[in-house]
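Work through the exercises below with the model open. Try each task before reading its solution.

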Amino acid sequence: MKIAMLARNPNLYSHRRLVEEAEARGHEIQIINTLRVYMNITSHRPEIRYGGDILPKFDAVIPRIGASITFYGLAVLRQFEMMGVWPLNESVAIGRSRDKLRSLQLLSREGVGLPVTGFAHNAHDTEDIMEMVGGAPLVIKLLEGTQGIGVILGETRSAAKSTIEAFRGAKQNILVQEFIKEAKGVDIRCLVIGGKVVGAMMRKGAADEFRSNLHRGGRAEAIKITSEERSTAARAAKCLGLNVAGVDILRSNHGPVIMEVNSSPGLEGIEKATDLNIAGKTIEFLEKHAKPNKTKTRGKG
Ligand code: ADP
């Protein structure tokens with residue numbers, strides 16, 4: 001197969017591994033720098049240009065679009081879809097997962113377990129919102145944050161209130177969330193491919209840190225998850241329409257709750273913690289499913 005991978009940094013572990021596994025399985029794979037793609041979006045025959053040339057037709061595209069370039073990256077991916085190239089994750093699904101509020105609303109509609117979460121525009125209702133999620137300590141999240149930056153623990157009522165008000169004053173959109181204290185700084189990352197959990201690891205935050213992100217000094221190890229956690233992770237990926245997803249779960253005293261669903265999950269942590277060949281499983285999935293013109297949305301929506 002001829003595979004395109006939309007990625008900016010070819011040296012990232014995840015990207016190197018996907019290339020390695022695709023080539024080992026006899027495929028041709030080209031890394032395309034998402035931001036250097038340009039296109040005539042009004043042409044009747046959609047095409048993609050790159051460095052002065054028209055790109056050849058690919059059988060499949062692996063989108064690895066960083067959060068900071070979501071807008072342009074999704075436009076590029078839609079162009080591939082309009083040309084009938086099969087995407088590992090569809091643009092519409094990635095768009096849903098990039099909007100924390102929208103994904104929580106979709107998950108909640110399907111009855112997937114979530115921490116009690118509030119969202120409001122008006123600063124007058126701060127006290128009520130805090131009450132709604134069970135009062136302090138509570139978690140305040142910037143809607144646009146990634147890698148744990150912009151996730152704050154409001155330990156007391158007054159600290160939480162002033163933090164919320166400060167964000168409001170700075171015109172930042174935030175979510176206010178029940179603090180899952182019983183998770184003790186540990187979260188579970190489940191790697192879902194094609195509706196099945198193919199690997200899971202637990203991440204533990206550094207000492208005195210409630211955030212378990214590896215980027216914030218957390219460490220990872222393999223974990224055996226329960227069947228409830230397995231089905232929660234698979235349902236979450238399905239609900240957003242993602243073939244491949246990294247689903248983050250907290251163990252709460254009201255069952256597994258989803259924190260986030262990531263559409264370009266990193267492979268380094270999970271492969272090293274579990275010794276599993278996740279990149280290989282990804283390419284295997286793509287081999288089974290990539291057919292021309294099989295994109296459900298073909299760039300619509
Ligand atoms: P990001 O998308 O920036 O990684 P997350 O929402 O995943 O933000 O939060 C980062 C980390 O903070 C999580 O991995 C988890 O360890 C911790 N965390 C987030 N929300 C809660 C919560 N409601 N209760 C307890 N811990 C939380």
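**Exercise 1. Domains**

Task: state how the chain is divided into domains.

Solution. The model is predicted. Domain 1 covers 2–95. Domain 2 is made of two segments, 99–113 and 182–284. Domain 3 spans 117–179.

**Exercise 2. The interface of domain 2 and domain 3**

Task: describe how domain 2 meets domain 3, from the centres to the residues in contact.

Solution. Start with the centres. Taken over C-alpha atoms, those of domain 2 and domain 3 are 23 Å apart. Next, count the contacts. Domain 2 contributes 10 residues and domain 3 contributes 17. Then take the area. About 1200 Å² is buried between the two domains, and carbon and sulfur atoms give 60% of that. Which residues of domain 2 lose the most area to domain 3? They are Lys100, Leu101 and Phe210, together 48% of what the domain 2 side buries.

Now look for polar links. The interface of domain 2 and domain 3 has zero salt bridges. One residue pair across the interface is in polar contact, with both residues at pLDDT 80 or more. On the domain 2 side, helix H4 (residues 100–109) supplies the largest share, three residues. By type, the domain 2 residues that touch domain 3 are four nonpolar, three polar and three charged.

**Exercise 3. The ligand**

Task: find the residues around the ligand, then its polar partners.

Solution. First, the surroundings. There are 19 residues around the ligand, and Lys141, Gly148, Ser212, Asn213 and Glu260 come nearest. Second, the nitrogen atoms of the ligand. A ligand nitrogen lies 3.1 Å from a side-chain N or O atom of glutamine 177. A ligand nitrogen is also 2.9 Å from a polar backbone atom of isoleucine 180. Third, the oxygen side. A ligand oxygen sits 2.8 Å from an N or O atom in the side chain of serine 212.

**Exercise 4. A salt bridge across the sequence**

Task: say how many salt bridges the structure holds, and place the pair formed by glutamate 287.

Solution. Side chains of opposite charge can pair when their charged atoms come close. The structure holds 17 salt bridges. In one of them, glutamate 287 pairs with arginine 25, and the closest N and O atoms are 2.7 Å apart. Glutamate 287 lies in helix H9 (residues 278–289) and arginine 25 in the loop between helix H1 (13–24) and strand E2 (28–32), so the bridge ties together parts 262 residues apart in sequence.

**Exercise 5. Backbone exceptions**

Task: where do proline 137 and lysine 171 lie, and what marks their backbone?

Solution. Recall the background. Most residues other than glycine have a negative phi, and most peptide bonds are trans. Take proline 137. The peptide bond from alanine 136 to proline 137 is cis, with omega near -5 degrees. Proline 137 is in the loop between helix H5 (126–132) and strand E9 (138–142). Take lysine 171. Its phi is positive, near 60 degrees. Lysine 171 is in the loop between helix H6 (157–169) and strand E11 (174–178).

Technical notes
Residues are numbered from 1 along each chain as its sequence is written. This is a predicted model: local features need pLDDT of at least 70, side-chain atom pairs count only at pLDDT 80 or more; totals for chains, interfaces and linings use all residues. Side-chain values use heavy atoms; hydrogens and water are left out. Domain bounds come from an automatic or database domain assignment. Contact means heavy atoms within 4.5 Å. Buried area is the accessible area (1.4 Å probe) that two parts lose on being put together, summed over both. A salt bridge is a side-chain nitrogen of Lys or Arg within 4 Å of a carboxyl oxygen of Asp or Glu. A polar contact is a pair of N or O atoms within 3.5 Å; within protein, one must be able to donate a hydrogen and the other to accept it, and residues adjacent in sequence count only if both atoms are side-chain atoms. Helices (H or I, at least four residues) and strands (E, at least two) are DSSP runs, numbered from the N terminus. Ala, Val, Leu, Ile, Met, Phe, Trp, Tyr, Cys and Pro count as nonpolar, Asp, Glu, Lys and Arg as charged, and the others, Gly among them, as polar. A residue is near a molecule or strand if one of its heavy atoms lies within 4 Å of it.
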